[in-house]
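This report introduces a protein chain to a reader who has not met it before. Please look over the sequence and the structure shown here before reading on.

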Amino acid sequence: MFKFFLVSFLGLLIAAHGVAENRLHDNIAMIEELGSFDIEEENDVEFLDNSFWTSERVGKNLVNVDAFGAAGNGVDDDTQAFQSAWDKACSTPKSVLLVPQGRRYLVNATRFKGPCADKLIFQIEGTIVAPEEPKNWDPKNPRNWLDFTKLKGVLFQGGGVIDGSGSKWWASSCKKNKSNPCRGAPTALTIDSSSSVKVKGLTIQNGQQMHFTISRSQSVRIIDVQVSAPGDSPNTDGIHITDSTNVLLQNCKIGTGDDCISIVNGSSSIKMKTIYCGPGHGISIGSLGKDNSTGIVTKVVLDSAFLRETTNGLRIKTWQGGSGFVQSVRYQNVRMQDVENPIIIDQFYCDSPKECQNQTTAVEISQIMYRNISGTTKSAKAMKFSCSNTVPCHNIVVSNINLEKKDGTVETYCNSATGFGYGLVHPAADCLSSSDKEECIVKIKNTENEELAEASPEDLVHTEL
């Protein structure tokens, strides 16, 4: 009988060792995959000096909006002058469409259509300003102000300002006053159905709602752009990316009343590098899955960011009832200062005046890496993985995390989330460990020996942001 038990025990040990070894190899492979994938930045981002268009030797055709009757006084309507100047520049190869410095141009909702002739440059040095009164907005364009569509190889640049004059739109929002009807408002600047578009140096401010949307586009480069609105301005996302691929945001400073950056359905190969965020709601993937819709976002990299006094830090947010997936996301080299919810996955997102009903389907979230994240949190739950009971989050990796609270201790909250940590992880993420509660010690390549901590189930309560 003893021999029988001994043989059985040895068999169990061998089986357990094999499972642990397989898990170790899987973890190493996941770390290598998430840690090494990147989005090519390309070396074709060539911007011209702001004074280039004054030179006769550059071989450009200068198209000045003033030559088409623009008053530039911020009072008279310059919409037709801008449209006529666009038509001329768009149809002429190697054109520079110039908005001169030191002037304010009042422009109503306008769609600037391509395709255009080769090498068009839109040089914005002055200020383009929107009408202030929502009641006077063009009903044919209720959701857009400056809308550029079907462009290829166009360069927007300059030291100028795009000002959405959004204060009266914010005051009429139902989020400002619950007695107001909930309605949409224009996006200040939209790049739609375009490719190989580059934007550098512009300031976009006081958007009626979203400031800058990149939609249904490929190979877009946004460099040195500033976006600003008051921290209490509703729904004023900074840069919003939807249904787009191969997008680079670099050296951007964003402070608004909503997400600094939001990435939603149909987007992949998105890289954000050297981003300043605050005030605002953080850097978000989502929301996804609203009204039982499908949401898919893959291959997203955030490398080097500073978030200050935002209501969220690195956030993935999905509605109950959706479908699709978020996978292959890496956040690294991020510094937080007094941020609420520094690291958060929320599969119970509900931005609705009505209570959201529990549903069993959800957008699946997996292969998410957080690496080299540090700073201070306002929330006791510095890391929060609030995932669906029926569609759990899995393959969550945390490494070199150091989040502190000035006036108390911090912890990690998990519901239906599995993964592992290595290197320093503070607060500890024991609750991410495998649900089989099996404790194992592994050695990750090029790291110290680290422990994959034992799971610690809790009675958890879901709270909405």
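The text below treats the confidence of the model, its strands and its internal cavity in turn.

**Confidence**

The structure is a predicted model. Its protein chain has an average pLDDT of 87, and 83% of the residues reach a score of at least 70. Residues 2-17 have a pLDDT below 50, and beyond near neighbours in sequence this stretch makes zero contacts in the model. Residues 435-465 also have a pLDDT below 50, but here the model shows 63 contacts beyond near neighbours in sequence. Where pLDDT is low, the predicted coordinates should not be read in detail.

**The open sheet**

An open sheet is built from 11 strands with parallel pairing. Their order is β5-β8-β11-β14-β17-β19-β21-β23-β25-β27-β29. The edges of this sheet are formed by β5 (110-113) and β29 (411-415), each of which pairs on one side only. From one strand to the next, the twist averages 15 degrees. Helix α2, spanning residues 79-91, packs on the sheet and touches both β5 and β8 (144-149). The direction of helix α2 makes about 5 degrees with that of β5.

**Strand pairs**

Within the order given above, β14 is followed by β17. These two strands are joined in the parallel sense by four bridges, and serine 215 has threonine 242 in β17 as its bridge partner. Parallel pairing also links β18 with β20, and β20 in turn runs parallel to β22. Two positions illustrate these links: threonine 245 stands opposite serine 268 in β20, while isoleucine 270 stands opposite valine 300 in β22. The table lists the three pairs.

| Strand | Partner strand | Bridges |
|---|---|---|
| β14 (residues 212-215) | β17 (residues 239-242) | four bridges |
| β18 (residues 245-255) | β20 (residues 267-277) | eight bridges |
| β20 | β22 (residues 294-308) | nine bridges |

**The cavity**

How many cavities of 30 Å³ or more does the model contain? The count comes to one. The largest cavity holds about 60 Å³ of space. Its lining consists of Phe82, Phe112, Phe122, Ile124, Ile128, Leu146, Phe148, Phe156, Ile162, Leu189 and Leu202. The elements that contribute two or more residues to this lining are β6 (121-124) and β8. In character, the lining of the largest cavity comprises 11 nonpolar residues, with no polar and no charged ones. Strand β8 thus appears in two settings: it is one of the strands of the open sheet, and it gives residues to the lining of the largest cavity.

Notes:
Residues are numbered from 1 along each chain as its sequence is written. This is a predicted model: local features need pLDDT of at least 70, side-chain atom pairs count only at pLDDT 80 or more; totals for chains, interfaces and linings use all residues. Side-chain values use heavy atoms; hydrogens and water are left out. Two strands pair if DSSP finds at least two bridges between them. Axes are lines fitted to C-alpha atoms, for helices over the stretch in contact, and angles run from 0 to 180 degrees between N-to-C directions. Contact means heavy atoms within 4.5 Å. pLDDT is the predictor's confidence in each residue, from 0 to 100. On a 1 Å grid over the protein atoms alone, a cavity is a set of points where a 1.4 Å probe fits but cannot get out, and a pocket is an open set with protein on both sides within 12 Å along at least five of seven lines; lining residues have an atom within 4 Å of a point. Grid points are joined across faces, edges and corners, and a volume is the space filled by probe spheres set on the points. Ala, Val, Leu, Ile, Met, Phe, Trp, Tyr, Cys and Pro count as nonpolar, Asp, Glu, Lys and Arg as charged, and the others, Gly among them, as polar.
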